[in-house]
There are 2 protein chains.
Amino acid sequence: MRIVLAARAPIFLQTLLMAATTQPEPLDSARGFDLAGFLKTRTERVNRALNRFLPKATTKPQTIHRAMRYSLFAGGKRMRPALCLAAAQACGGRESDALPAACAVECIHTYSLIHDDLPAMDNDDFRRGKPTNHKVFGEGIAVLAGDGLLTLAFEIAARARATPRYPHARLILELARAAGSRQLVAGQVADLEGEGKSLSVPELRYIHQRKTSALLSCAVRLGGMSANCTPAQLEALTAFGRNVGLAFQVIDDILDVTQTSECLGKTAGKDTAARKATYPAIVGLGPSRRIARQLTERAFRALEMFPGEAQTLRALAAFLLHRQT
Amino acid sequence: MRIVLAARAPIFLQTLLMAATTQPEPLDSARGFDLAGFLKTRTERVNRALNRFLPKATTKPQTIHRAMRYSLFAGGKRMRPALCLAAAQACGGRESDALPAACAVECIHTYSLIHDDLPAMDNDDFRRGKPTNHKVFGEGIAVLAGDGLLTLAFEIAARARATPRYPHARLILELARAAGSRQLVAGQVADLEGEGKSLSVPELRYIHQRKTSALLSCAVRLGGMSANCTPAQLEALTAFGRNVGLAFQVIDDILDVTQTSECLGKTAGKDTAARKATYPAIVGLGPSRRIARQLTERAFRALEMFPGEAQTLRALAAFLLHRQT
């Protein structure tokens, strides 16, 4: 496995190198693919597109647009957009056609973080190494900045290019369902309600499926749809997204207990402090790592139908498994 | 002017009768049209549709669906849906085709009330005579219930019937813009930021235009679009919606200082207590009433192009001008 790191790559990209050097050859993932280069160029591309889609910071009322931009450009790793673009690529589509969907999903992801960080929810003071939105702008504006980003996501999705199999109504339904009260919002509700309770693995998976996997899977599916993918391809992308999403959250739980706040850019040990159920707490650290590996292997198997086994998606899944932040 | 009141009509409908008996013949509005009957049947119809669109209260996680339903079925007057259906009718369309848009707008209206009532915003304990969402379910769930309703609005809009002139992308854009950070959210931001400041009439109108008029106008426009209205009809509906929306908010300001909390079902005198700028505070009560009348007259003039001068829309505008709650 050979990974080419861009010069002066951001810290999070260096986890790629760590993965390559500190782990045993894990899931023969990257196969010489320049994932760091892919992530760097796509992050820049997505950031430029988001900058175009968002009202300028000088647009009245400035407070709300500054607040929306503050969280959206706080250094997010743009993993969901990267997965969306890579899915489009895997289905033979153009990344430019997937760009609006990628940006829409990122707006929804950012809104959910702003609202989750509120004092009435997880009450977090730091996110990505910076004070959370409500610490900077106050709670009222933070609620509204989230509302603004959620609404903007649909405006952006309405500007996406529809395809013969996937008209706008279908794209909007896809996004609304993933973000709605049965999925993303449901995950946060279950997470809130689960605090201090002893949960079983299926109950924890219910939360992870909704809180993380639904939107991540949606990003991958929308990428495929932008390429007018076949129903069989969509099914494969769904299985890939679901498993990568679940693995992502198991890894998040592991990092919460193994990493420092400084490294994560958010408060580490938060889950334990809030008496939240996590994989390491329920099944232990070693078994949690095995579960994350198994989920990633399942995600890989879902890609077998794609030409070249969709190497970018594969490399992204491996990267997410081995990340240290 | 003859208004037929349905037997045992809700209190708010009785304002129709009050308007007819206590005011001088104002803006020859209803012309014998049975507005009370229209509102009763359409409220029932919209409620049935909303009930179908919303996840059941038993859908997991139950808390969020109970919270969403609590505010959505708290006795709202369904004025925006009524305007949406009446606009469809004015353009020769079927009300059933406008029903999804009417429900989507009502979900957005309800979400905005839940978030506006939060302690970090207007901090209201009562709405429509009942405890506000966060008083019943807690702040975290109230934020999420608002998020769920906002998201659901786009899911519902994606299920609306598109027409040749107005495909789904256009309908979603319409809704997202009206609800977004330049309109509805902007209005709430400006309202928050204006507290305790002495505002001019144009500044106050800026707030009203965004906080109330944008979504009300959107309801009317989407009604027209569901009937595949002509560009000229859409322009007329826009002028109607804008003026009715502005009049609506001037009347709201007036009622805040002239009515009791019991009558309004929410805390009266709230604007004065929060040192919010209002029309009565800036220009006085008499001139405020004249402004509301002038705006309604302008709304009437916008309807002149419609057959029968769109008598339902006309009756609704007159009703909103003379309402006492």
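1. A good place to start is helix H8 of chain A, where His168(A), Ala169(A), Leu171(A), Ile172(A), Glu174(A), Leu175(A), Ala176(A), Ala178(A) and Ala179(A) are buried. Please keep in mind from the outset that this is a predicted model. Since 9 of the 12 residues of H8(A) are buried, this helix is largely enclosed by the rest of the structure. The cover over those buried residues includes helix H5 (95-116), H7, H9 and helix H10 (201-226) of chain A, and H7 and H8 of chain B also take part. From its first C-alpha to its last, H8(A) reaches 17 Å, close to the 16 Å expected at 1.5 Å a residue.

2. Chain B's part in covering H8(A) leads us to the contact between the two chains. Here 42 residues of chain A are in contact with 42 residues of chain B. On the chain A side, H3, H7, helix H8 (168-179) and helix H9 (184-194) each supply at least two residues. Which of the elements gives the most to this side? That is H7(A), with 13 residues. By class, the chain A residues that touch chain B divide into 25 nonpolar, 11 polar and 6 charged.

3. How are the two chains related to one another? A rotation of 180 degrees, with 0.0 Å of shift along its axis, superposes chain A on chain B with an RMSD of 0.0 Å. The two copies are therefore related as by a two-fold rotation axis. In chain A, the C-alpha nearest that axis belongs to His168(A), at 3.1 Å from it; His168(A) is also among the buried residues of H8(A). Both copies use the same surface, as 100% of the contact residues of chain A recur in chain B.

4. H7(A), the main contributor in point 2, also has a partner within its own chain. Helix H3 (residues 62-72) of chain A packs with helix H7 (residues 139-158) of chain A at an angle of about 75 degrees, their axes being 9 Å apart. That angle makes H3(A) roughly perpendicular to H7(A). From H3(A), the residues that meet H7(A) are Thr63(A), Ile64(A), Ala67(A), Met68(A), Ser71(A) and Leu72(A). Their counterparts in H7(A) are Ile141(A), Ala142(A), Leu144(A), Ala145(A), Gly148(A) and Leu149(A). This contact has 9 nonpolar, 3 polar and no charged residues.

5. Some backbone details deserve a look. Most residues other than glycine have a negative phi, and most peptide bonds are trans. Against that background, a cis peptide bond joins Lys60(A) and Pro61(A), with omega about -10 degrees. Pro61(A) lies in the loop between helix H2 (35-53) and H3 of chain A. In chain B, the bond from Lys60(B) to Pro61(B) is cis too, with omega near -10 degrees, and Pro61(B) lies in the loop between helix H2 (35-53) and helix H3 (62-72) of that chain.

6. Two residues catch the eye for their phi values. Arg128(A), which is not a glycine, has a positive phi near 50 degrees. Its place is the loop between strand S1 (126-127) and strand S2 (130-131) of chain A. Is Arg128(A) buried or partly exposed? Arg128(A) counts as partly exposed because it has 16 C-beta neighbours inside 10 Å. Asn228(B) likewise has a positive phi, about 55 degrees, without being a glycine. Asn228(B) lies in the loop between helix H10 (201-226) and H11 of chain B, and with 18 other C-beta atoms within 10 Å it is partly exposed.

7. Arg161(B) sits in the loop between helix H7 (139-158) and helix H8 (168-179) of chain B. With 18 C-beta neighbours inside 10 Å, Arg161(B) counts as partly exposed. Leaving aside neighbours within four places in sequence, Arg161(B) is in contact with Asp97(B) and Ser226(B). Arg161(B) and Ala227(B) are 66 residues apart in sequence, yet their C-alpha atoms are 9.7 Å apart in space.

8. Finally, consider helix H15 (residues 285-302) of chain B. At 1.5 Å a residue its 18 residues should span 26 Å, and the end C-alpha atoms are indeed 26 Å apart. Buried residues in H15(B) include Ser288(B), Ile291(B), Leu295(B) and Phe300(B). Their cover includes helix H11 (231-258), helix H14 (279-283) and helix H16 (311-322) of chain B.

Definitions and conventions
Residues numbered from 1 in each chain as written. Chains lettered and ligands numbered in written order. Predicted model: local features only at pLDDT ≥ 70, side-chain atom pairs only at ≥ 80, totals over all residues. Axes fitted to C-alpha atoms, helices over the stretch in contact; angles between N-to-C directions. Helix = DSSP H or I, 4+ residues; strand = E, 2+ residues; numbered from the N terminus. Parallel < 35°, antiparallel > 145°, perpendicular 65-115°, else oblique. Contact = placed C-beta atoms within 7 Å. Nonpolar A, V, L, I, M, F, W, Y, C, P; charged D, E, K, R; others polar. Expected span 1.5 Å × (residues − 1). Buried ≥ 20, exposed ≤ 12 C-beta atoms within 10 Å, placed from the backbone. Least-squares fit on C-alpha atoms with pLDDT ≥ 70 in both.
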